[in-house]
Amino acid sequence: MREMLLSTPVTGIFICLAAYELGVQINKKLKTPIANPMLIGIVLAAAVLSVCNIPLEAFDLGGDMINMLLTPATAVIGLSIYRQRKVLQENFLPVVLGCLVGSLTNVALIHGLCKLFMLEDSLLYSLLPRSVTTPIAVALSEQCGGLKGVTAVCVIITGVTGAVLAPTLAKLLHFKDPVAIGVAVGTSSHAAGTTTALQMGELEGAMSGVSIGVAGLLTVLLAAVW
């Protein structure tokens with residue numbers, strides 16, 4: 001019975017959905033950004049795999065099917081962008097400049113730290129696209145000679161961290177402008193952070209969604225000319 005379940009996508013899909021739903025319920029109870037459903041879901045799913053000794057390959061049969069929905073789910077953000085198109089037109093230059101500063105800071109920081117700790121170039125190019133969305137990050141990493149697995153993990157950690165800390169940091173830094181908040185979240189923590197930005201407000205979510213694409217393009221260009 002166990003072998004039959006592990007040979008189908010059902011196991012991975014059930015673990016993902018159940019872990020995330022538990023995360024949502026815990027978030028509703030605690031009502032704090034730190035109890036982010038995505039973070040809780042990742043921890044619970046990892047715990048189940050470890051305790052039940054479920055091979056990653058078996059989990060990926062279902063996990064990969066859910067992962068296929070990442071691109072269309074990200075595209076849905078386009079609806080919020082369309083609704084806020086007038087605000088985007090009015091703030092087009094600040095949005096682009098904000099993404100440029102954020103992307104440039106990320107690339108410079110990664111380069112500086114990798115040189116400081118004398119890391120190999122493969123790790124440098126693995127870490128470089130950590131703040132852009134997964135499809136762009138993995139493609140850029142592979143093209144430059146990075147390690148796809150390391151890049152994927154770094155992108156997840158960066159996104160979840162942004163999703164958890166974005167509301168708290170916005171309050172601590174006294175960010176009031178929803179456009180600035182959206183650009184900051186989208187540039188630093190891509191689609192995962194954008195889910196939190198959408199909860200903060202439709203305008204924040206729309207600007208964050210725009211920043212995903214702009215920051216991704218700028219990071220590719222900066223990686224090529226750095």
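Okay, let's start with one residue: Arg 83 is exposed, and its relative accessible area is 53%. It gets that label because anything over 50% counts as exposed. Before going on, a quick reminder that what we're looking at is a predicted model.

So what does Arg 83 pair with? Its side chain meets the side chain of Glu 202 in a salt bridge, at 3.0 Å from N to O. Now find both on the structure. Arg 83 belongs to helix H6, residues 77–83, and Glu 202 belongs to helix H13, residues 202–225. The two residues are 119 apart, so this pair links distant parts of the chain.

And Glu 202: how accessible is that one? Its relative accessibility is 31%, which counts as partly exposed.

How many salt bridges are there in total? The count is two. The other one to look for joins Glu 142 and Lys 148, where the closest N and O atoms are 4.0 Å apart. That still makes the list because the cut-off is within 4 Å. As for accessibility, Glu 142 has a relative accessible area of 46% and is partly exposed. Lys 148 comes in at 47%, and that's partly exposed too.

Okay, on to the rings. If you go hunting for aromatic pairs, you'll find zero. But do stop at Tyr 82, because a charge within 6 Å of a ring centre can count as sitting over the ring. Which residue puts its charged end there? It's Arg 85, with that end 4.1 Å from the centre of the Tyr 82 ring.

That's my tour, thanks everyone!

Terms used:
Residues are numbered from 1 along each chain as its sequence is written. This is a predicted model: local features need pLDDT of at least 70, side-chain atom pairs count only at pLDDT 80 or more; totals for chains, interfaces and linings use all residues. Side-chain values use heavy atoms; hydrogens and water are left out. Helices (H or I, at least four residues) and strands (E, at least two) are DSSP runs, numbered from the N terminus. Buried means under 20% relative accessible area, exposed over 50%, partly exposed in between (1.4 Å probe, protein chains only). Rings of Phe, Tyr and Trp (its six-membered ring) pair if their centres lie within 6.5 Å; planes under 30 degrees apart count as stacked, over 60 as edge-to-face and the rest as tilted. A charge sits over a ring if NZ of Lys or CZ of Arg is within 6 Å of the ring centre and within 35 degrees of the ring normal.
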